[in-house]
Every structure is written in C-alpha cells, then in structure tokens.
Amino acid sequence: MDPKIELLAPGGDINAIKAAIIAGADAVYCGLDTFNARNRAANISFEELVGIIRLAHQYQCEIFLTLNIVILENEFKTLAKLLSKLANTTLDGVIVQDIGMFQLIKQHFPTLDVHASTQLTTHNRGQLPFLKKLGASRVNLSRELNLREITELTATGREHDITTEVFVHGSLCIAFSGLCYSTSASVGNSGNRGRCSQACREEYETTETGHNFPLNIKDNSAFFDLPALIEAGVHSFKVEGRIKGASYVHTVIDSFRKQIDGYLKTGELLEDGERLYKVFNRDLTNSFLKGDLNQSMFIDNPRDNSKNHLKDKLTQNGSQSISVVQIHDAEQALQVEKSQIQASVDDKIKHLTIDKLPLTLAFSGQLDTPLSIKVTSLDFVVGKTELEPRSFVLHSRSLLTKSDDACIDLGAIEKRFKSLNNAEFALKPIVIDDLATGLSIPFKELTTLKKQLLLTLNHGTPVLPAVELPKLTKHPKPLKRDGSESLRAELSILICDEADVALADNTEADIYFKLPDAYKRGCTQYVSFLQQNPRLIPWFPSVLIGKDYDVALNILEQVKPELIVTNNTGIAHRAFELGIKWIAGPFLNTTNSYALLAMQEQFDCHGAFISNEINQQQIKHIARPKNFKMFYSIYHPILLMASRQCFFQQSVGCEKPRIDNGCMLSCDKSTSITNLKGDEFAIDKQKAGYPSIYNQDQFLNTEIIDDLANLFDGFMIDLTNIGAGDKPSPDKAVLIKQFEQLLDGQSAAVATLDNMVPQSTVLQYHNGL
C-alpha cells in the first residue's frame, strides 16, 4: 500500500484555500483572475498567490495554479510575462489544457512542473505518452472512467513516469470535459475558456418522462471507494469545488483526510460520510467509477439537496409519517449546523495570514570601509506555523571613498532597491542613519549587492530573467506535390456511411471516413473496408476508451494509411511512432500557433484543423509553421456536448435501466429537448457513437472563404448527417457541387447553399472566444 496519497483541494478564494490547508489538504489548486477555467470563482491576484504559497508551505501543503484554458494567439505575450513571474516563485505546479502552452513552458520555463488538466479528456493509454512528451508529469483522468480503466491507465502512467489524478468528490459534468460547446456556440461562453454557463443545469420544458432537468446529474463521490482507488495506483485524490466556499471545502477535505488516514492506519474505512451531506450537494453517486451508468445518476434538483437528504434520512430511521413540524424543526437544525460549521471554519482560519513579509534595509558605512546592508525580515520554516525572524548582513567588495558628486545617498539607494517592494515583501523606509555622507562606491557594486540580497532572500535560488518571446514567422502554404504553389483552398468531405463512398466518383476532394466511437471486441470490418478503399482518409473520433481504443489502434496498425485525421491524441501518438502522417482534427481545440508548433516539432504532425470556436480576428493572427497545412470546417452539425451517459433516459425514456455495450453499438435514437427560452436542441445517438446533443442550426460559414481563404489549405464539409435527427438532409452530391463552385470563386453558390441549408448559423465565427 502506497502511503503517498495526495489529497488535492479546491481553492476558489483566499478563505477556501486557508480552509483547505487547515483541514489537512496535501495540495490545493487555485486560479488567478486570468487564464483559468473557473471564471465564476472569486480567484486571486498574483500578490495573493505569493502569500498563499508561503502559507501553504508552512503547513507542508503544495499549491498548483490552474492555467487550464485554450489560449488565443494575442495572449501569449501576456502569458509569457505571467509565467516569467511564476518561475521565480516556489509554486509547485501549473495545470494546463492548451497544447501550445505545454510547448511554451517546455521551451522557455522548464522549471515549472506541469499537470495535464481534465479538459484534455484523457481516457486511453496512448494519451499518456503523448502528454509526457509534451512535458506533463501528471494527468487528471476523465471523470467518466471506471475502476478497471483507471487501473489500466495508472499502470501505463508508471511505465512512462507520469502520475495520475482522479476526481473523488464534487460536481460532475454530464459531458466529456473539453468537448462541451454548449454555450460557446451561441454566445461565446466556452467551457474551454472558463466561462461554462452550465446548460446542463438549466430547466427545460417537461419531457415525455416528466423531467424538467433532464441533463442534471448528481455529484460525484468516491468516499467509500478510496481503497479501490489506492489499489488502482492513483496518486492524487482531487476534490472539485472552486466556486464553493470555505465551509464546504473544510468539511469535505477534513472528511476525506480522516477517511484516508484512518484507512492507511487500520485498513478499514472509519468515516460514515454523513458530514458530506451537511454542505452543498446534489445527492451523491459513484456510478461512473463503478461502471454502472444507470438512471439513478440523474436528479431533478440542480440546487442544494441537503434538506431532501435529511428528509430521506428521517424516513429511513423509522418515521413512517413525518409531520410538517418535524420537517421544519429538522430543517432549522440543519441551518443552525451549517451556520456553526461556517463559524467554526472562520475561527480556525482567522489567524492565518498571507500578508507580505516586512523587509527592512539598513545601510551603514564610513570612509575606507565597505558599504554594509543589514537585512531584516521574516521567514517560514517547514512544519512551523509561526514565521521566524530573519536577518543577515551583506558587504560591498569595494571600500567607500570620498566623493563630492556621485555620492551614495538615500535617493540613489531607493532608486536601485525600490523593486524589492514586490509581491513577496513590503519594503519599509530605508534606513541610512549610520551611513556617512559624501561617500561613494562604484554604482555597479550596488547592483551586485542587490543581486546578492535577492539571492539570499530567495534561499540561494537565482532570479530568472523575464522571457521575451521571439516573433513567430508566418510561413506560406506548402507547395503541391508537383512543386506548384497552392493558390486556392481545396475541398474535403467527411462521411461515415459506407454507401457514401460513391460520392467520391464525381469529385476530386479528399474524402475523410469517420470511424465509430465504439466497436465489438476484436472488430476487423473497418480494416478490410479501408484496405479496399485506399482513397479514404481515416478520421478517428475524440473519445476511444478501453477496447474501443484497442480496435481503433488495430485499424491504424493494420491499414497503415498514408494519412489520417485524428481528434484523439492517443491515436496521434501511435501514428507518430509508426511514421504515419497525421492531421489534428477540430476537436483537439487548436487555437494558436504554439499548438501547431508543438504538434509538428514533437509529433511530426502535418496539419491541423483550427477550432471553430474562434472568430475571424482570432484566426488570422495564427502563424503557420513551415511545411504545415491548415484546415477549417465550414459546414457541419454543431456539437454541444457528448456524454458517456444516456440522454434518452430523462427525455423520452428507455426500457433499459442502464447503458451497456449493446446500447453503444445498436442504439440510434433521436429526439429533442427545449429550454424555457424556446430553444430546441437535437439529441442524437448514432449506432456505435456516444449520445450527443446538437444545436438546432447547422454551422455554415461561407464568409471565411472571402475573408481568409489565403490562410487555409483546405475547407471541409461534414456530410455524416449526424445531429440531423428526423430533419431531411440536403442532397449530398448537390452540396458538394455547390461548395466546389464556391471555392472556384462562383459567389452565386452562396445563395444556393443558404436555400439548401435554411437552418444555419455562423455565430461562432463572429463571436469567437
């Protein structure tokens, strides 16, 4: 049994962070007021972060900073400034989603430890070496995984010297993290930018099954599954909750701390978990972990369920008929207890301080003596909760000499030492009472003294200079195979129906064939199909878990196509190992040049689809790497979310109580739900695909051809009919013809396409992120 189990706590504000520390968290993850995926949390400033790191380290607690969003091209200069400052702190790690940020940190900030965010949707063993090569030391696994799958990934992690982290408590997303576009499609509020509007918690018109919150699932809790997770080899147990307050954080972390410590000491679970119901919860489930995706995971109450749990408990304790008075008294008692929890936490953390350390500099010296600086401050010692006095004296190498001009006076000293009034220290008025007047030393000696002072204050670690990012070169489009220039963007087509292969007969466009998300074990039908149709370019989906990844891997290894498109980094890594050319699909959320560089330089990627979440201005500043192709999808259904859970159970109902492999392979239902604003959303389940929700409009962007055709090598149209439900689809052959005419400069095709696709939108291209 590995005793090095990390309990990782959320810290949405200063008090929550303090509460986590005092409750016994081994580490806390928190975000600044920029570049993090909890925009609705209070978050903290950089100066507060410095104090928090110091406070946490006093209690032998680590601090990880969340930088877990996709980055836009114009943000890298600001990001580099932030990372330069972070590199000069004792921060324990950063949590990252953007592939470009991995590249930036690996190249310019190698001292920062990097953890891969859950937003990277890590769910198969091929993704771990991909993330390791990017620079990750730890991976936060997808929340949808079961114990068997987690065990497999932690074993793979050990092979590649990368640790794993699993959410053990808190809110669950019904969608795969990183693949939810529920509100970015309409108003630009993307979960990939920390602005999740929680469409899954919204109220909808009553469904056929009588539900008003058909997408709302219970909170996650593995409180009684800790032994199995320890046995599986998980290193870090992560609690969700950066928009929760201090009382919630303290209660949950203290409960888990006692449960973990008790189990490690006795081999038994000693806590009953009742305290977890005294703070915010939507009831609790461990169904993902157990691999039992059933109807009981849903709850029609997106708000606090504490009172309902209390009523259920009263009933279970034998009260067959509970009176209104009993319920009222119990609710009042619960409210009093919650107030007491808050007051208790406030009292426990009130003495904790993140204030800057006072710093006093006293300069002294006489003629023919060194200039001396007595430095007085406070410092922490690991394991001691009280700061201890600290002082030391520095001396110049040169002696003070007589001078009538460039003498060392208060103004000259303040000019050179005022920067010590920074995020770490509060510089007190400089003292020069014992410094004789009219004396001088070379001013470079003052600079040397300052560097020595900083080095000593920093416990011997040199201060790293700020990184200035070089300007990236925008390279032209790669030449065609015959050596000619590629003047126009080429059309490509995505299909998923084998019958649609016939469309290739009347077009020279590249044809991508979308492979399924799920397969029968040992499935080989697609190997022979692709071998018989060598013109088809395999398109691998975003999520490939367990046996489905094994089958997809077998397709790649047996077919060995010349080129693939993949939305899954595990497949990308294997293609790289096999020397197969690959293009990054649109669901890898590529929004910047550094992501392109990372994929090209580290994995020999030959091209990438730019994310449809960003707008014209955000796209046009992206710098193409040399000999790299750029693509964009101009016509497709707008995916809002995909899930491992079933969307039909709460909408139209299903005779099966839980999802099984047969559901994945055979179910092809479709329906819709409507929110209280009257917006309708299509629920679509393709055979061998994950349940998904789509916008009512198709994405149709003909504007980009006039705006940015010179930037792209290819524009793709999606002819899979996925997300269409019962709506009639336009004639595919006619669609292809119209898009070909459009790329040939025949602008009349725009009107024809608008008529063929009456329910369409281009809002994402206008709104961006």
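A salt bridge is here a side-chain nitrogen of Lys or Arg within 4 Å of a carboxyl oxygen of Asp or Glu. The exercises below apply this and related criteria to a predicted model.

**Exercise 1. Determine whether the side chains of K218 and D283 meet in a salt bridge, and state which parts of the chain the pair ties together.**

Step 1. The side chains of K218 and D283 approach to 3.6 Å, N to O, and this pair counts as a salt bridge, because the cut-off is 4 Å.

Step 2. K218 lies in the loop between helix 7 (184-187) and strand 8 (219-221), whereas D283 lies in the loop between helix 9 (246-266) and strand 10 (284-285), so the pair ties together parts that are 65 residues apart in sequence.

Step 3. As to their surroundings, K218 and D283 are both buried.

Step 4. For the wider setting, the count by this rule comes to 32 salt bridges, and E6, R138, E165 and K238 are linked in a network of them.

**Exercise 2. Work out which salt bridges D254 forms with K258 and with R275, and how each residue is placed with respect to solvent accessibility.**

Step 1. The side chains of D254 and K258 meet in a salt bridge of 2.7 Å, N to O; being four residues apart in helix 9, these two are separated by about one helical turn.

Step 2. R275 also forms a salt bridge with D254, the closest N and O atoms being 2.9 Å apart. R275 lies in the loop between helix 9 and strand 10 while D254 lies in helix 9, so this pair ties together parts that are 21 residues apart in sequence.

Step 3. D254 has a relative accessible area of 13% and is therefore buried, because the limit for that class is under 20%. K258, at 39% relative accessibility, counts as partly exposed, and R275 is likewise partly exposed, with a relative accessible area of 30%.

**Exercise 3. Locate D219 and decide whether it is buried or exposed.**

Step 1. D219 is found in strand 8.

Step 2. With a relative accessible area of 2%, D219 is buried.

Step 3. Leaving aside neighbours within four places in sequence, the residues in contact with D219 include G170, S171 and L172, and also F280, N281, R282, D283, L284 and T285. One of these contacts, D283, is the salt-bridge partner of K218.

**Exercise 4. Describe how far helix 18 is covered, and what is found at its N-terminal end and just after it.**

Step 1. Helix 18 (residues 593-603) is mostly covered, since ten of its eleven residues are buried; among them are Y594, L596, L597, M599 and F603.

Step 2. At the N-terminal end, N592 caps helix 18, with a side-chain oxygen 3.2 Å from the backbone nitrogen of Y594.

Step 3. Just after helix 18, D604 takes a positive phi of about 55°.

**Exercise 5. Characterise the largest nonpolar core and identify the residues with the most contacts inside it.**

Step 1. The largest nonpolar core has 206 residues, and those with the most contacts inside it are L49 and L86. Its largest share, nine residues, comes from strand 24 (residues 629-642).

Step 2. Not counting residues up to four places away in sequence, L86 touches F46, L49, L65, L67, L91, V94 and L112.

Step 3. A second, separate core has 25 residues, including L357, F417, L427 and I430.

How values were computed: Residues numbered from 1 in each chain as written. Predicted model: local features only at pLDDT ≥ 70, side-chain atom pairs only at ≥ 80, totals over all residues. Heavy atoms only, no water. Core = buried A, V, L, I, M, F, W, Y, C linked by side-chain atoms within 4.5 Å. Buried < 20%, exposed > 50% of the residue type's maximum accessible area, 1.4 Å probe, protein only. Contact = heavy atoms within 4.5 Å. Polar contact = N/O pair within 3.5 Å; in protein donor to acceptor, adjacent residues only side chain to side chain.
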